Amino acid sequence: MKPLRVGVVGTGYIAKNSHLPAIQKEVERGTASFQAFCDVNAQTLGEMATEFGVKNTYTDHHEMLEREELDALYLIVPPTFHTDVELIAADKGIPLLIEKPQTLDMQQALQFEEAIRKSGILCTVGFMMRYYPAAEFIRNRLAELTVRHANLQLFYSGRPIRHWTNRMELCGGSFVENTVHAIDLLRYQLDDDYESVSAFYFERPYDPDPNAINLPYVYNANYKMKSGTVVNVTTSRVLTNTKAGRHETLIICDDVLFEFSHAKVIENGEIVWEAAEKTNPFDVQTKQFLDAIRTGDASKVRNTYSSSLNSLAAVLGANKSASNDGAVFRCDELGL
Ligand SMILES: NC(=O)c1ccc[n+]([C@@H]2O[C@H](COP(=O)([O-])OP(=O)(O)OC[C@H]3O[C@@H](n4cnc5c(N)ncnc54)[C@H](O)[C@@H]3O)[C@@H](O)[C@H]2O)c1
């Protein structure tokens, strides 16, 4: 079978470090070829094209999507830079992998979702933690248990590294930009959806400097899930000058205290599962995405654009609640 011709829009940090190397592995296996790259930043574009040996480069995705025949498209741009790639791909029938968070605008997400759903294209969102080795085991094991509550603590260390990830209006804050991964993974593991949210944030004082970090110090959100399970999430970005941090999820079931890392699962203090080998979730995500296109078996990807709306609504809902003094919002009403 001919290699799938892959196009990429956005060749910045995570493309360079994770997606392009993952696709490169498929190129080496003969299952994919790099067809074309697009980035509005000509320097970044040139560097990535040279590194990955791509001849067809564009600084405008309209031109790329007009000229190139693509079998798969990666959209890897910051959330406020989404315009019409989703609509054009849906119109042309090109399967899409879109980095999270899909956008910061729920109305726009709903518009994209409708176009993608109606077109029938395969479309997945880059919640790559769903491809951690432990994810499937946990999902199956939790289906046998009675889950009552979950507690997520994500105390990030260091500083956000790119300009846009320092700015609330560009990234939506650490809860949207970073915590959305853990929020989504929990949904996958519990096979559940977020029903409602109430949140309080410790806001940073106003700084008129347009380049200063303006993200809240602390984000504290409470969720009720559709099953009745309640979830508490605390995220912060105050451990800036230390490597100390914490990324922990506890899932508390009747008679089982459940803890995990990406490769290990602990029940009531005892290890019950360990990964046999180390795998990179970006590599697995790309392999499954391209396999799904090749075989027509959409079940190989672990989410769709439609199914990912609830994870986006959960984090945008937390922002909305925090700016309304902790008022409760229903996650399925945020776009209405
Ligand atoms: N899955 C993960 O673990 C993970 C990690 C980091 C970032 N991300 C996500 O990936 C996305 C990109 O993040 P990043 O860190 O690579 O950002 P980045 O700023 O390093 O790169 C984004 C690139 O997109 C380009 N771009 C912007 N608008 C464009 C357009 N219309 N057409 C073509 N190119 C355009 C920019 O010039 C830039 O080179 C974000 O949504 C981010 O949240 C995911």
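Here is a friendly conversation about how the helices, strands and ligand shell of this predicted model are described.

Reader: Let's begin with the helices. Why is α4 called roughly parallel to α5?

Author: The axes of α4 (residues 85–92) and α5 (residues 106–119) cross at roughly 10° and come within 9 Å. Angles under 35 degrees count as roughly parallel, and therefore α4 is roughly parallel to α5. The crossing of this pair is left-handed.

Reader: Which residues make the contact of α4 and α5?

Author: On α4 they are E86, L87, A90 and D91, and on α5 they are F112, A115, I116 and S119. Sorted by class, that contact has 5 nonpolar, 1 polar and 2 charged residues.

Reader: Why are α8 and α10 called oblique to each other?

Author: The axes of α8 and α10 also come within 9 Å, and they cross at roughly 130°. Angles over 145 degrees count as roughly antiparallel, 65 to 115 as roughly perpendicular, and the rest, apart from those under 35, as oblique. With a crossing of roughly 130°, α8 and α10 are therefore oblique. The crossing in which α8 passes α10 is right-handed.

Reader: What makes the contact of α8 with α10?

Author: From α8 come F175, V176, T179, V180, I183, D184 and R187, while α10 gives N310, S311, A314, V315, L316, A318 and N319. By class, these residues divide into 8 nonpolar, 4 polar and 2 charged.

Reader: On to the sheets. What makes β3 and β6 the edge strands of their sheet?

Author: That open sheet has 6 strands in the order β3-β2-β1-β4-β5-β6, with parallel pairing. Both β3 (56–58) and β6 (123–125) pair on one side only, which is what makes them the edge strands. On average, neighbouring strands of this sheet are turned by 20° against each other, direction ignored.

Reader: How do you know that β1 and β2 pair?

Author: Two strands pair if there are at least two bridges between them. Strand β1 (residues 4–9) and strand β2 (residues 32–38) have 6 bridges, in the parallel sense. As an example, L4 stands opposite A32 in β2.

Reader: Which helices lie across the strands of this sheet?

Author: One of them is α1, which lies across β1, β2 and β4 (72–75) and runs at about 145° to β2. Another is α9 (residues 281–295), lying across β1, β2, β4, β5 (96–98) and β6 and running at about 135° to β1.

Reader: And why do β14 and β15 count as edges of the 9-strand sheet?

Author: The order of that open sheet is β14-β13-β12-β11-β7-β10-β9-β8-β15, and its pairing is mixed. β14 (270–274) and β15 (329–330) each have a single partner strand, so one side of each is left without a neighbour in the sheet.

Reader: How do you know that β13 pairs with β14?

Author: At least two bridges are needed, and 4 bridges join β13 (residues 264–267) to β14, with the strands running antiparallel. K264 stands opposite E274, and E267 stands opposite E270. In the hairpin of these two strands, which has 2 residues between them, N268 takes a positive phi near 45°.

Reader: What joins β12 to β13?

Author: These strands pair over 4 bridges in the antiparallel sense, and they form a hairpin with 2 residues between them. The partner of S261 in β13 is K264.

Reader: Two backbone spots caught my eye. What makes the peptide bond from K100 to P101 stand out?

Author: This bond is cis, with omega near -20°. P101 sits in the loop between β5 and α5.

Reader: What makes D191 notable?

Author: Phi of D191 is near 50°, a positive value in a residue other than glycine. D191 belongs to the loop between α8 (174–190) and β8 (194–202).

Reader: Finally, which residues come nearest to the ligand?

Author: Of the 24 residues around the ligand, the nearest are G10, G12, Y13, N41 and E99. Helix α1 (residues 13–29) provides the largest share of the shell, 3 residues. By class, the shell has 12 nonpolar, 7 polar and 5 charged residues.

Note on methods. Residues are numbered from 1 along each chain as its sequence is written. This is a predicted model: local features need pLDDT of at least 70, side-chain atom pairs count only at pLDDT 80 or more; totals for chains, interfaces and linings use all residues. Axes are lines fitted to C-alpha atoms, for helices over the stretch in contact, and angles run from 0 to 180 degrees between N-to-C directions. A crossing is left-handed if the near helix is turned anticlockwise from the far one by less than a right angle, and right-handed if clockwise. Two residues are in contact if their C-beta atoms, placed from the backbone, lie within 7 Å. Ala, Val, Leu, Ile, Met, Phe, Trp, Tyr, Cys and Pro count as nonpolar, Asp, Glu, Lys and Arg as charged, and the others, Gly among them, as polar. A residue is near a molecule or strand if its C-beta atom, placed from the backbone, lies within 6 Å of it.
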